[in-house]
Amino acid sequence: MSSPVFYNCPPSGNCYKVRLFAALAGIPLDIRNVDLAAGSHKTPEFTALNPWQQVPVLQDGEIVIWDSQAILVYLAEKHAKTAWWPTDPGARAHVVEWLSVSVNEIQHGPADARLVKKFNYPLRYDDAVTASMRTLAIIDRHLTHHAWLAGNRPTLADCAAYPYLALAPEGGISLDAYPALRQWLARVEALPGYISVDA
Ligand SMILES: N[C@@H](CCC(=O)N[C@@H](CS)C(=O)NCC(=O)O)C(=O)O
């Protein structure tokens, strides 16, 4: 059986969420890089895969999935990685809380700040910094009492949240004031199979 095709862009934190989980969980992907600078995500062919004209996209035979959170869930379900995507209703809901945080509070904080600083996106940097301060403080407080974001082991929650938190300094957001968060980053980086965004 051939590996699913993963339409990727190397510096994208959303793509990195999926590459990271696949590496940690030992799931093979056929990675194809999409040249966003050249507008390859705006071609009719790519738009047919993802009407939002964004990476990542996963194509597994007839199944096409856009959105990094949806791809994480699909891969975990398909490969029965229940430790990463628990079946208990409460435990699963706690993972989903963090999938939501990763596309809302983390996206509109550190991820947006990085878009401005690294890629010159026309977003309001001050708003992204203000949002980052609140988001990082809340996550740091949570991680003061928890080793992992949801439950007592790494899950999809950690894979979804890690990339844009780890990459926050690229957006000019220092993590110095958040020791529990930095310890959690180190715990993720010590997991077997861990890959960096540049891998
Ligand atoms: N909610 C989506 C967001 C995807 C997204 O924002 N992708 C960016 C790269 S990180 C993109 O393709 N941007 C191209 C563009 O905006 O033109 C996900 O989590 O996958």
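## Close-up views of a predicted model

**Figure 1. Glu-170 and its two salt-bridge partners.** Glu-170 counts as partly exposed, since its relative accessibility is 34%. Like every view in this set, this one is drawn from a predicted model. Glu-170 forms a salt bridge with Arg-114, and the closest N and O atoms of that pair are 2.7 Å apart. The pair links distant parts of the chain, with Arg-114 in helix α5 (residues 105–119) and Glu-170 in the loop between α7 (156–166) and α8 (179–189), 56 residues apart. How accessible is Arg-114? With a relative accessibility of 3%, Arg-114 counts as buried, because buried means under 20%. Lys-118 also forms a salt bridge with Glu-170, and here the closest N and O atoms are 3.5 Å apart. Lys-118 sits in helix α5 and Glu-170 in the loop between α7 and α8, so this pair ties together parts that are 52 residues apart in sequence. Lys-118 itself is partly exposed, at 40% relative accessibility. Because the salt bridges share partners, Arg-114, Lys-118 and Glu-170 belong to one network. If you would like the wider tally, the model has 6 salt bridges.

**Figure 2. Helices α3 and α4 in contact.** Here you can follow helix α3 (residues 68–78) and helix α4 (residues 89–103), whose axes come within 10 Å and cross at roughly 150 degrees. An angle over 145 degrees counts as roughly antiparallel, and α3 and α4 are therefore roughly antiparallel to each other. Which residues make the contact? On the α3 side they are Gln-69, Leu-72, Val-73 and Glu-77, and on the α4 side Arg-92, Leu-99, Ser-102 and Val-103. Sorted by type, the residues of this contact comprise 4 nonpolar, 2 polar and 2 charged.

**Figure 3. The salt bridge between Arg-92 and Glu-77.** This view stays with the same two helices, α3 and α4, and turns to one charged pair. A general point helps here: side chains of opposite charge can pair when their charged atoms come close. In the salt bridge between Arg-92 and Glu-77, the closest N and O atoms are 3.1 Å apart. Arg-92 belongs to helix α4 and Glu-77 to helix α3, so the pair ties together parts that are 15 residues apart in sequence. Arg-92 counts as partly exposed, at 22% relative accessibility. Glu-77 also counts as partly exposed, at 43%.

**Figure 4. Asp-140, a buried residue without a salt bridge.** Asp-140 is part of helix α6 (residues 125–145). What is the nearest side chain of opposite charge, and how far away is it? That side chain is Arg-182, 7.1 Å away, whereas a salt bridge would need a nitrogen within 4 Å of a carboxyl oxygen. Asp-140 is buried all the same. Once its neighbours within four places in sequence are left aside, Asp-140 is in contact with Ala-177, Tyr-178, Pro-179, Ala-180 and Leu-181.

**Figure 5. Leu-136 and its surroundings.** Leu-136 is another residue of helix α6. Is Leu-136 buried or exposed? Its relative accessible area is 0%, so Leu-136 is buried. Not counting residues up to four places away in sequence, Leu-136 touches Leu-165, Ile-173, Leu-175, Tyr-178 and Leu-181. For a sense of scale, Leu-136 and Asn-50 are 86 residues apart in sequence, and their C-alpha atoms are 31 Å apart in space.

**Figure 6. Backbone details at Gln-53, Pro-56 and Asp-67.** Most residues other than glycine have a negative phi, and most peptide bonds are trans. With that in mind, take a look at the bond that joins Val-55 and Pro-56: this peptide bond is cis, with omega about 0 degrees. Pro-56 lies in the loop between α2 (44–49) and β3 (57–60). Gln-53 is also placed in the loop between α2 and β3, and its phi is positive, near 55 degrees. With 25% relative accessibility, Gln-53 counts as partly exposed. Where is Asp-67 found? Asp-67 is in the loop between β4 (63–66) and α3. Its phi is near 90 degrees, again a positive value in a residue other than glycine. Asp-67 counts as partly exposed, at 31% relative accessibility.

Conventions. Residues are numbered from 1 along each chain as its sequence is written. This is a predicted model: local features need pLDDT of at least 70, side-chain atom pairs count only at pLDDT 80 or more; totals for chains, interfaces and linings use all residues. Side-chain values use heavy atoms; hydrogens and water are left out. Axes are lines fitted to C-alpha atoms, for helices over the stretch in contact, and angles run from 0 to 180 degrees between N-to-C directions. Helices (H or I, at least four residues) and strands (E, at least two) are DSSP runs, numbered from the N terminus. Angles under 35 degrees count as roughly parallel, over 145 as roughly antiparallel, 65 to 115 as roughly perpendicular and the rest as oblique. Contact means heavy atoms within 4.5 Å. Ala, Val, Leu, Ile, Met, Phe, Trp, Tyr, Cys and Pro count as nonpolar, Asp, Glu, Lys and Arg as charged, and the others, Gly among them, as polar. Buried means under 20% relative accessible area, exposed over 50%, partly exposed in between (1.4 Å probe, protein chains only). Lys and Arg count as positive and Asp and Glu as negative; His and the chain ends are not counted.
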